[in-house]
Amino acid sequence: MARHSARDVRSENRFEVLHALFDLGPSSRQELARHTGLSQATVTTLAGEFLAEDVLRIAAVERKRVGRPYERLTINPDRGRIIGVDVAETYVDATVYDLALGVLGRHEVALDEDQNDQAYVVDGIAAAIGTALAASGTGRERIVGVGVSMPGHVQHDCGVSVFAPNWNWHDVRIEELLAGRLELPLYVDNPLKAAILAEMWFGAGRVVDSMAVVNIGTGAGAGIALEGTLVRGATNNAGEWGHTLLALDGRPCRCGRQGCVEAYVGAPGLETTLAEIDPSHPALGQPGQRDFVATLAVGLAAGDPVLRELLRRTGRHLAAALGDLVNLLNVPTVTLTGWLPKALAEWLLPAVREELPHHVLPGSLPGLTVDISEVPGNAVSLGMAAFTLEQFLNRLGLASPAGTRPQPVG
Ligand SMILES: [Zn+2]
């Protein structure tokens, strides 16, 4: 299955071999050929290029009773280290990965959602990275790249946070600000692009080539893959489904419009809905959004009828908005990711599934699945690490990823 719209077939085939190794674990050249549909001669050539750069290594040599011994190949985890960073409105999560994208260490720093100073956010990123490196016992000299996801509109080819509505940031040169602090090769992108890349490599996107991953926290958005290609749009701003319209003249949204999906399904949207049902509900007194959602999970588990009504209404809002997304794209698979759906999955998922058939056209409904993402750990950090791995392979001359544009060595 093609996962990139690469013009370079050889580069595309290299990614197929790499993805097969992520899917299968240590594999013989024959197994890789069978899994990718490439000829064994092609796999042997491509694997040879990876082996020469030490990106792959021989995991084992197995001898059969008859015939020649064969080698099992694997991604060399110790070829380098990669850091994936998810910067959200309420936290920074930094994860240190080996080159096979196994997690070595992780650290989260809470961000005050009312602070929007650039230095404050950059300090938070540097602190999260520093502690994650220490936790994993990784020296900086081993790091081959850092991928940082920033909320809002990001120009990924020049590392600029174009517009982050929650912080009122406009044209912030985040890559420059971070480069001065970290002195490591950097790649900056948007969480929706990171989340869909993680799905394509490690989640539902391994078995379907068109899907959407819906990321919900403070805000909401959708990462989209169509026919194996990550959808960026003309200015890398595709997927802003959170700012499509759910209610004409509805609730004010932080983007300036009224009635956006995000104003109903994001954490502040749930607070507004709860206040409409019961303005004196104790869950409304929480200091932050994540405390609020954690309190909801506790109350729902205890059977609080007001919170059940909140989830019923939220399920309707989300199903209506997902119906629009599915009707527009005709994707067979939607996954939900982010801290809010993960905390409330037990109640949110049944509510959405019950409502969804009322909002999806019959032609798009057969086989449609909506599930919580099975990507392990923080999908945005993992997706940023995958982009960074693509960049690293590009610098070695092994790939010209279509998901990301080539960048100069940072
Ligand atoms: Zn909006």
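Biologist: Let's start with two helices. Are α1 and α2 roughly parallel or roughly perpendicular to each other?

Modeller: The general idea first: two packed helices are described by the angle between their axes and the distance between the axes. Here, the axes of α1 (residues 9-24) and α2 (residues 29-36) come within 10 Å and cross at roughly 105°. The two helices are therefore roughly perpendicular to each other. For the labels, angles under 35 degrees count as roughly parallel, over 145 as roughly antiparallel, 65 to 115 as roughly perpendicular, and the rest as oblique. An axis is a line fitted to C-alpha atoms, for helices over the stretch in contact, and angles between N-to-C directions run from 0 to 180 degrees. Helices (H or I, at least four residues) and strands (E, at least two) are DSSP runs, numbered from the N terminus.

Biologist: Before we go on, what kind of model is this?

Modeller: It's a predicted model, where local features need pLDDT of at least 70, side-chain atom pairs count only at pLDDT 80 or more, and totals for chains, interfaces and linings use all residues. Residues are numbered from 1 along each chain as its sequence is written.

Biologist: Back to the crossing, then. Which residues of α1 and α2 make the contact?

Modeller: Two residues are in contact if their C-beta atoms, placed from the backbone, lie within 7 Å. From α1 you have Glu16, Val17, Ala20, Asp23 and Leu24, and from α2 Glu31, Leu32, His35 and Thr36.

Biologist: Cool. Now a strand: is β3 mostly covered or exposed?

Modeller: You count neighbours. A residue is buried if 20 or more other C-beta atoms lie within 10 Å of its own, exposed if 12 or fewer, and partly exposed in between. Strand β3 (residues 81-87) is mostly covered, with 7 of its 7 residues buried. Arg81, Ile83, Val85 and Val87 point one way, while Ile82, Gly84 and Asp86 point the other.

Biologist: And which strands does β3 pair with?

Modeller: Two strands pair if DSSP finds at least two bridges between them. β3 runs antiparallel to β4 (residues 91-98), with 7 bridges joining them, and Ile83 stands opposite Val96 in β4. There are 3 residues between β3 and β4, which form a hairpin. With β6 (residues 143-149), β3 runs parallel over 6 bridges, and Ile82 faces Gly145 there.

Biologist: What is the order of the strands in that open sheet of 5?

Modeller: Read across it: β5-β4-β3-β6-β10, with mixed pairing. β5 (103-110) and β10 (186-189) stand at the edges with a single partner strand each, so one side of each is left without a neighbour in the sheet. From one strand to the next, the twist averages 15°. β6 and β10 run parallel, joined by 4 bridges, and Val148 stands opposite Val188 in β10. Helix α5 (residues 174-182) lies across β6 and β10, at about 150° to β10.

Biologist: One last residue. Why does Pro268 count as partly exposed?

Modeller: Pro268 gets that label because it has 19 C-beta neighbours inside 10 Å. You'll find Pro268 in helix α8 (residues 267-277). Setting aside neighbours within four places in sequence, Pro268 is in contact with Thr218 and Gln289. Thr218 is 50 residues from Pro268 in sequence, yet their C-alpha atoms are 6.6 Å apart.
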